[in-house]
Amino acid sequence: MQPDQVHLLAIVLLLVSLLAGACFFPTGRRTWSALFELLILATVVVGRLPVILTDRLPNPDESQKIVGAATLWHHPEFWKWVDGPTAGPLSFYSLWLGKLAGLGFTYAGARAVAAVFFALSLIALFRFLKNQFSEIPARVSVLPFVAFGSLVLFWDLVQYSNESTALFLLCLGMCLAFPAESASGRHIVRLTIAGIALGAVPFAKLQVAPMAFFAGVTAVVVALRHPDQSGRWQKVAALVSGALTFAAITAIYLTIYHLWRHFLISYIENNLTYIGR
């Protein structure tokens, strides 16, 4: 068999396994949920292999991110050595994961990071849906997104982009901010991490900030209106303090390195100009 035929067969087998798992895996057991999530990760990564192993694609933004991440590896001060211009610092620092995984600052490394982030976003989405509904509808709901993410090969949708990190942070924040009714223990820790994830979204892609803000406000309203009123203000404080963490760290960093002007022009003004086009 030719390599492309082997790849197609592997994708078909994974998608069939995922469909069977969505319908027939036992519910309410962590082992089976973890296996379903592992199938999501494997399906997306295997499906993206032809793109991961391809050389440069038409969108130059990916090359800019790779070069910027490589520069930051040696000079990690963002807005001093690297200018986005509409991309946030987390879109660049995320590519360090490819370097740490041994793939270097390459197209393969960047697209592998994009594929894993997309798969993790779907896993977080699955957990969010499972928290709000029953498990089988949650499994079935993510299947079209897994199939799309593993089969699409259009270059502009599979290259590493600003949306890769922002989408993952948004989905992670939503998953943690809206736990299942039956969830117990460590609410404050979970909500703090949810706030950090949602608060970090603007520093990956500023244009996704309204969605993160809406999710955060909704989580605060849900916490305040929950029938169990014990500790509600602690939960709100955890969400809000977590959401402000990254902004506070960035403000301190900009003050120490005297980069406020660069930040306002390079990031805020450029994004407003881009939106106004």
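This is a short dialogue on reading the cores, the cavity and the salt bridges of a predicted model.

Biologist: Where do I start with packing, and which residues have the most contacts inside the largest nonpolar core?

Modeller: Start with Leu18, Phe36, Ile40, Val44 and Leu239, which have the most contacts in that 36-residue core. Eight helices are listed as giving it two or more residues, including α1 (3-24), α2 (30-52) and α12 (232-256). The largest share, 10 residues, comes from α6. Another core, of 21 residues, lies apart from it, with Leu90 and Tyr160 among them.

Biologist: What does phenylalanine 36 touch beyond its sequence neighbours?

Modeller: Its contacts include Leu18, Phe25, Phe126 and Val142, plus Arg139.

Biologist: How do I look for empty space, and how many cavities of 30 Å³ or more are there?

Modeller: Rolling a probe the size of a water molecule over the atoms shows where space is left. Here that gives 1 cavity, holding about 30 Å³. Among its lining residues are Ile66, Leu95 and Phe105; by class, the lining has 4 nonpolar, 3 polar and no charged residues.

Biologist: On to charges: which residue forms a salt bridge with glutamate 37?

Modeller: Arginine 127, with the closest N and O atoms 2.8 Å apart. Glutamate 37 sits in helix α2 and arginine 127 in helix α6, so the pair ties together parts 90 residues apart in sequence.

Biologist: Is glutamate 37 buried or exposed?

Modeller: Buried, at 8% relative accessibility, while arginine 127 is partly exposed at 39%.

Biologist: And where do glutamate 135 and arginine 139 lie?

Modeller: Both are in helix α7, 4 residues apart, so about one helical turn separates them. Their side chains meet in a salt bridge at 3.0 Å, N to O. Glutamate 135 is buried at 9%, and arginine 139 is buried at 0%.

Definitions and conventions
Residues are numbered from 1 along each chain as its sequence is written. This is a predicted model: local features need pLDDT of at least 70, side-chain atom pairs count only at pLDDT 80 or more; totals for chains, interfaces and linings use all residues. Side-chain values use heavy atoms; hydrogens and water are left out. A nonpolar core is a set of buried Ala, Val, Leu, Ile, Met, Phe, Trp, Tyr and Cys residues joined through side-chain atoms within 4.5 Å. Buried means under 20% relative accessible area, exposed over 50%, partly exposed in between (1.4 Å probe, protein chains only). Contact means heavy atoms within 4.5 Å. On a 1 Å grid over the protein atoms alone, a cavity is a set of points where a 1.4 Å probe fits but cannot get out, and a pocket is an open set with protein on both sides within 12 Å along at least five of seven lines; lining residues have an atom within 4 Å of a point. Grid points are joined across faces, edges and corners, and a volume is the space filled by probe spheres set on the points. Ala, Val, Leu, Ile, Met, Phe, Trp, Tyr, Cys and Pro count as nonpolar, Asp, Glu, Lys and Arg as charged, and the others, Gly among them, as polar. A salt bridge is a side-chain nitrogen of Lys or Arg within 4 Å of a carboxyl oxygen of Asp or Glu. Lists of a residue's contacts leave out its neighbours within four places in sequence.
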